[in-house]
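This report covers selected helices and strands of one model. Please read it alongside the sequence and coordinates.

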Amino acid sequence: MVLADVFDCFVKQSPFTVMMRATLENVFSPDRLDAIFDRTPSRQRTGELLFSTVADLMGSVVVNVHPSVNAAYRAKADEIGVTVKSVYDKLKGIESSVCRELVRETAGHMASIIEKSGGKAADLLPGYRAKIVDGNHLRRTDRRIAPLRQGNVAPLPGKSLVVYDPALRLAIDVIPCEDGHAQERSLLPELAQTIERGDVWFADRNFCTTRFLSDFIAAQSHFVIRQHAATLIWELEGGQKKIGKIETGVVHEQTMRIVAADGKEKRIRRITVKLDKPTRDGDNELHLLTNLPSRVNAGKIASLYRKRWKIETAFQEMAENLQGEINTLGYPKAALFGFCMALVSYNVWSVAKATVSAAHGEEEAETLSTYYVADEIAATYRGMMIVISATYWTQRFASLTATQMARALVGIAKGIDLKRYRKNPWTPKTRTKRKVKLTPRKHVSTARVLQQQKATSQSHKSKKR
């Protein structure tokens, strides 16, 4: 059997694994990755171990092909040619600027593929490019670093702000921060530099500051941000005007006057949703601030704000199906690099999802289960790479243009049996509330409990006879 026939077998049996590998070869060629490292200001030198090699190792860990960095290193130790200590030293020195540029540049290339494929989703608000921003805190790591071993502490390796494009389904930017206790607001000045005319940003109340709102107004851009109670100087004008009912409650609108960063007063819209059910924090009303023009209906804006869950869903899918927060990587730079590689891997999945949308329709694409796709990739990838050499992938996909790559991926997507990857239907479970005594619980043997239950059941049967 010739190599092309083997390739076709994998396309038929594990199409998403092939699509992922093809996209990686096209977007993440070693030359492109090393160029990102070389041109990004960094105190770390390339040295004997290339950045592309470290990225390849981390990528295989993030998508669960290997369980750890050490395991990934062992699989390619002869090719890498340096010690595992050198790999870890490289990881703990990769600077945040490199991580950010990695996400930004690769997202731009993948956006071109998605647009050429015709799989871009509908805009949230026609005429505007929607962006959703949210913060992500990396979970605590093991206390492997010597200074952390003395006390009973839970080390936090960092946090980040992530910008998500819902139409492209891509994480298009990230601002990593090595200080796990830093406030999200401390990163806003850097984020504000990316605001562009024609944007409309959606964010929660942690982003509601006088300075940040002023940046949008100055850039002739737009925002829909939940109001924070204590970070603005503001005053309401006139009375509330009832707009109508939406799914979550009744919408009202009122003019608000704020004092911008330049000291001048600005008028914006304050949209209030009087909720049918309180939020999990107990709030009965939701106040949204926006500078969108009045022709955009307040009810429409309130409904669109609920789309913020798209970025939270992305974080959840990453947490459940990708190893983006590796608890053995205690050094902040290494941990943040792992998270950014998870964002990149999520984007690769988004490319596949977009091409499925182009081939089968957006509704069908939304039924795909990230879990089943990730499980297939983790189970198939290593075997596929043994049978089909890296050279074959390079020759076939590395030099394709965005248009050619889109055509190739859509061709694979057309042959996918989507029934294999559909989400399981979810229905809410009704649970009876039981009063639990808050008393210390003793340890029990599960096996003994089961044996006792079995003996009791047999005793009841004997009595019935």
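The text below treats a strand group, two helices and a nonpolar core.

This is a predicted model, in which local features need pLDDT of at least 70, side-chain atom pairs count only at pLDDT 80 or more, and totals for chains, interfaces and linings use all residues. Residues are numbered from 1 along each chain as its sequence is written, and side-chain values use heavy atoms, with hydrogens and water left out.

Helices (H or I, at least four residues) and strands (E, at least two) are DSSP runs, numbered from the N terminus. Two strands pair if DSSP finds at least two bridges between them.

| Strand pair | Sense | Bridges |
|---|---|---|
| Strand 1 (residues 129–137) and strand 2 | antiparallel | 6 bridges |
| Strand 2 and strand 3 (residues 170–177) | antiparallel | 7 bridges |

Leucine 161 of strand 2 stands opposite glycine 135 and opposite isoleucine 175 in strand 3. Strands 2 and 3 form a hairpin with 4 residues between them, where arginine 169 has a positive phi of about 65°. In strand 2 (residues 159–165), 7 of the 7 residues are buried (under 20% relative accessible area, 1.4 Å probe, protein chains only), so the strand is largely enclosed by the rest of the structure.

Helix 2 (residues 15–27) is also largely enclosed, because 12 of its 13 residues are buried. Phe16 is one of these.

In helix 16 (residues 390–397), Tyr392, Trp393 and Phe397 are buried. They cover an arc of only 95° around the axis (taken from the directions from the helix axis to the C-beta atoms), which puts them on the same side of helix 16.

The largest nonpolar core (buried Ala, Val, Leu, Ile, Met, Phe, Trp, Tyr and Cys residues joined through side-chain atoms within 4.5 Å) has 138 residues. Phe16 and Phe202 are among those that touch the most other members. Helix 13 (residues 332–360) gives the largest share of this core, 17 residues.

Note on methods: Buried means under 20% relative accessible area, exposed over 50%, partly exposed in between (1.4 Å probe, protein chains only).
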